[in-house]
Amino acid sequence: MFKRSKPRTYGQLASEFVYPPGGFRRSTTYLWYRLRRLPDQPHRIARGVAAGVFLSFSPLHGFHFIVAALLCLAIRGNVLAAFVGTFAGNPLTTPFIALGAVGLGRTILGLPGDMSPQVIFREFAHATAETWHNVMSAFGPGPTSWSGLAEFWHGIFLPYAVGGAVMGAIAAALSYYITIPLVRRYHRRKGRKMEARIARVRQASNGGGPGNAAG
């Protein structure tokens, strides 16, 4: 009943993941609209957003929301707000986040050389493939090799985690202190509208009482 009359192709799904229908501006506006309407306290919503933003700077690609949700439970934040916060790491921003995080992390750890986003994500793909191969080899006759993963860990993953933690902490703090006043302003405006609505209902009720009695 609620299915599309013409299912989307895999190409359309991939295209919408990279560039959502209506553009990123429309998607961002919708996410903010959903965020401020969350039925929770402003500081809990802000904690959730901060957790999601912080994790979007981590190298845990594919697990950002899961880890952000666990972090929310630890700091008593709003899990749905964390989901919104993870959109800070989207297909447009992730290459810049990866480049900045790895570069900063390698500088902090004293590792020489720079890496391009293409090299970083290529190494992530190789590490994922090697991990899967080693897992499958544990159930079969194939050999296992962890040398490539060791290089990936020291050269990319660890620097990404260190640099991402610094950048993510700054971005999370900014998002926290920006979200609180915005959500509070929305709640106050919503409260004033509710009070005005109640006042109109009471006024109509009081004004209609004598007339009804006279009739």
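The protein chain has eight helices and zero strands. Helices here are DSSP runs of H or I with at least four residues, strands are E runs of at least two, and both are numbered from the N terminus. Along the sequence the pattern reads α-α-α-α-α-α-α-α. This is a predicted model, in which local features need pLDDT of at least 70 and side-chain atom pairs count only at pLDDT 80 or more, while totals for chains, interfaces and linings use all residues. Residues are numbered from 1 along each chain as its sequence is written, and side-chain values use heavy atoms, with hydrogens and water left out.

Start with the whole chain. Of its 215 residues, 29% are buried. Buried means under 20% relative accessible area, exposed means over 50%, and partly exposed lies in between, with a 1.4 Å probe and protein chains only. A contact means heavy atoms within 4.5 Å. Among contacts with a separation of 6 or more, 69% join residues 24 or more positions apart.

Next, the cores. A nonpolar core is a set of buried Ala, Val, Leu, Ile, Met, Phe, Trp, Tyr and Cys residues joined through side-chain atoms within 4.5 Å. The largest one holds 19 residues, and Ile45, Ile120, Phe124, Phe152, Ile156 and Tyr160 touch the most other members. Two or more residues come from each of α3, α6 (94-108), α7 (117-137) and α8. Helix α8 gives the most, with six residues. Another core of five residues lies apart from this one, and includes Leu55, Ala68, Cys72 and Ala82.

Now follow α8, which spans residues 147-214. An unreviewed UniProt entry annotates residues 157-183 as "transmembrane region". UniProt positions are given in the numbering used here, feature names are shortened, and annotations may be inferred rather than shown by experiment. Over residues 157-183 the chain is 100% helix and 0% strand, with end C-alpha atoms 35 Å apart. His187 also sits in α8. His187 counts as partly exposed because its relative accessibility is 27%. Its C-alpha atom is 8.6 Å from that of Pro42, although the two residues are 145 apart along the chain.

Turn to α4 (64-75). Its 12 residues should span 16 Å at 1.5 Å a residue, and the end C-alpha atoms are indeed 16 Å apart. The expected span is 1.5 Å times one less than the number of residues. His64, Ala68, Ala69 and Cys72 are the buried residues of α4. They cover an arc of only 125° around the axis, so they lie on the same side of α4. That arc is taken from the directions from the helix axis to the C-beta atoms. These buried residues pack against α3 and α5 (79-85). The face turned away from them carries the exposed residues Leu70, Leu73 and Ala74.

Both ends of α4 lead into loops worth a look. Ser56 is in the loop between α3 (42-55) and α4. Ser56 counts as buried because its relative accessibility is 2%. Its side chain reaches the backbone oxygen of Val53 at 2.5 Å. Leaving out residues up to four places away in sequence, Ser56 touches His64, Gly85, Thr86, Ala88, Gly89 and Ile97. On the other side, Arg76 follows α4 and lies in the loop between α4 and α5. Arg76 has a positive phi near 60°, in a residue other than glycine. With 61% relative accessibility, Arg76 counts as exposed.

How values were computed
Polar contact = N/O pair within 3.5 Å; in protein donor to acceptor, adjacent residues only side chain to side chain.
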